[in-house]
Amino acid sequence: MFIIFALVLLGAMGFSIVLPSIMFVAEDFGGGAAMAGWIVASYAIGQLIATPIWGRLSDRYGRRLILAVCSAFSMIAFLGLAFAYDALTLFLSRLVGGLAGGLFSVSQAWVADSTTPKNRARGMGIMGAGISLGFILGPFVGGMLGGGSVDTASLLRPGLLGAALAGVLLVVILLFMRESLPPEKRMAAQPFSSDLRQWGEVSRRPEVSRLLVVGLLWMTAAGMFEVMMPLWVGDQLGWGPRHVGAQFLYLGLLVALVQGFLVGRVSGRFGEVPVVAAGIILYAAGLMVLANLGTVPASGYISGAAQGEAGTLPMSAVLADLFGHPWLLLGLGVLAGGNALLVPSISSLVSKYASVSERGTVLGLFQSSQWGGRTIAPPIGGFLFQEQGANAPLYGSVLVLFPCLLGLLLWFGGSRAQPRKEVET
């Protein structure tokens, strides 16, 4: 499990390391905010298209080979970002990165192969902790390398470091990772038309199709909050990038701790469905706390902005602002706990509705449903923010989470909470 932890940690860092600078660079190329939005969405579009394909190929050729191929193409995509000279090059490089992004779904299949049904949630939790830490370190390092201001924003150094991380990832896979799917358990080669039929057959299974709906709804709700949080902080509290970075650090650390030390225990005791349900409820509760109490300061609060000019605030001032808003920290903490419980547990649940030879396919389809949510969430959240106010995306996320929870309980409650016996064919 240490290898998979390192694998997803490097992969998440590589993905997120360009995020602090890419919007500014896109605008510098003359594309404006609209083009910048398409560039950010292009990664999700690529993932939506390619994730089930990589999962299917990993069922046929093994997990290790596909992970190596994805890492190699990711390295090429980062080099394209580093040396991009116009908005189109930037768009295409990010799209290639998305198309090569089978890393996480195939890694989930590797974990499913290497664990028993009883301890699978723990394995998914360790993997989730690695992803969370990667998303903590990636934006921080990328921001430090991407320039000190909007005018000096650059993707050269973040892109080169992303390419280097992808190269290290490739070496780790080739030298240290064992294959988890032996040849005798792999799916036989067949025409692409047969793959399409297989995807259709798998996605039409009642349990799988319902899980795809749950995944789409969940990620639409979560995506609206993730995209809109910086704008919400700026509108409601007048805070800037350093405050947003500190909040993401706080969120990421909480998620990593819960996933690394708690998820396996509670999932093993209560089962995946109750834990996923609890995660949805906690996420919605955190959003409601933020929307209604997140801007309420503590008694005697003094703004950290008094310690320096905006953009040059010391970290002590940023921390003073955060701890001066205890309701904000509580809302973010509850939300992070819900996220940490839900993500690995629902992945574990999905894997239990697939045989060994089709786990990559099923998990790939599920990842695509989530990337579908990430694709539609930004325009929905942006529209709500612009037309209805800063809190509208938060309430919108809660509204989306309600049918998500209802579907989960109606479709997978009771005796259907988990398959009684996993098929190992």
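Helices here are DSSP runs of H or I with at least four residues, numbered from the N terminus. On that numbering, K118 sits in the loop between α6 and α7, the latter covering residues 120-145. The model is predicted. All values below are computed from it.

**A loop residue and its distant partner**

K118 has a relative accessibility of 78%. Exposed means over 50%, so K118 counts as exposed. The loop residue also has a partner from far along the chain. K118 and S348 are 230 residues apart in sequence, and their C-alpha atoms are separated by 9.9 Å.

**Other pairs distant in sequence**

Three further residues are placed in helices. M219 belongs to helix α10, which runs over residues 206-237. Its relative accessibility is 7%. Buried means under 20%, and M219 therefore counts as buried. M288 is part of helix α13, residues 272-293. At 33% relative accessibility, M288 is partly exposed. G396 is in helix α17, residues 392-412. G396 counts as buried because its relative accessibility is 12%, under the 20% cut-off.

Each of these residues has a C-alpha partner, listed here with K118.

| Pair | Separation in sequence | C-alpha distance |
|---|---|---|
| K118 and S348 | 230 residues | 9.9 Å |
| M219 and Q370 | 151 residues | 5.3 Å |
| M288 and L394 | 106 residues | 7.4 Å |
| G396 and L384 | 12 residues | 7.9 Å |

**Salt bridges**

How many salt bridges does a search of the whole structure find? The search returns 2. Side chains of opposite charge can pair when their charged atoms come close. R63 takes part in one salt bridge with D59, at 2.7 Å from N to O. R63 also meets D113 in a salt bridge, again with 2.7 Å from N to O. R63 lies in helix α4 and D113 in helix α6, so this pair ties together parts that are 50 residues apart in sequence. The shared partner joins D59, R63 and D113 into one network.

Are these side chains buried or exposed? R63 and D59 are both buried. D113 is buried as well, like R63.

**The cavity**

The whole structure was also searched for cavities of 30 Å³ or more, and 1 was found. The largest cavity holds about 210 Å³ of space. Its lining is made of 23 residues, and those closest to the centre are G11, F15, Y43, S74 and F78. Which elements give two or more residues to this lining? They are α1 (2-16), α3 (32-61), α4 (63-82), α5 (87-99), α6 (103-114) and α8 (156-176). Helix α4 gives the most, with 6 residues. R63 of the salt-bridge network lies in this helix, α4.

The lining is mixed in class. It has 13 nonpolar residues, 9 polar ones and 1 charged residue.

**A nonpolar patch on the surface**

Four residues, L48, I49, I53 and L99, form a nonpolar patch on the surface. Together they have about 290 Å² of accessible area. Helix α3 gives the most to the patch, with 3 residues. I53 is found in α3. Its relative accessible area is 31%. Patch residues need over 30%, and I53 therefore passes that cut-off with its 31%. I53 counts as partly exposed.

**Where the features meet**

Helix α3 appears twice. It gives residues to the cavity lining, and it gives the most to the nonpolar patch. Helix α4 also appears twice: it leads the cavity lining with 6 residues, and it carries R63. Helix α6 gives two or more residues to the cavity lining and holds D113.

Conventions
Residues numbered from 1 in each chain as written. Predicted model: local features only at pLDDT ≥ 70, side-chain atom pairs only at ≥ 80, totals over all residues. Heavy atoms only, no water. 1 Å grid on protein atoms, 1.4 Å probe; cavity = no way out; pocket = protein on both sides within 12 Å on 5 of 7 lines; lining within 4 Å. Points joined across faces, edges and corners; volume = space filled by probe spheres on them. Nonpolar A, V, L, I, M, F, W, Y, C, P; charged D, E, K, R; others polar. Patch = residues over 30% accessible without salt bridge, like charges linked within 9 Å, V, L, I, M, F, W, Y side chains within 5 Å. Areas by Shrake-Rupley, 256 points an atom, 1.4 Å probe, with all protein chains shown as cover. Salt bridge = Lys/Arg side-chain N within 4 Å of Asp/Glu carboxyl O. Buried < 20%, exposed > 50% of the residue type's maximum accessible area, 1.4 Å probe, protein only.
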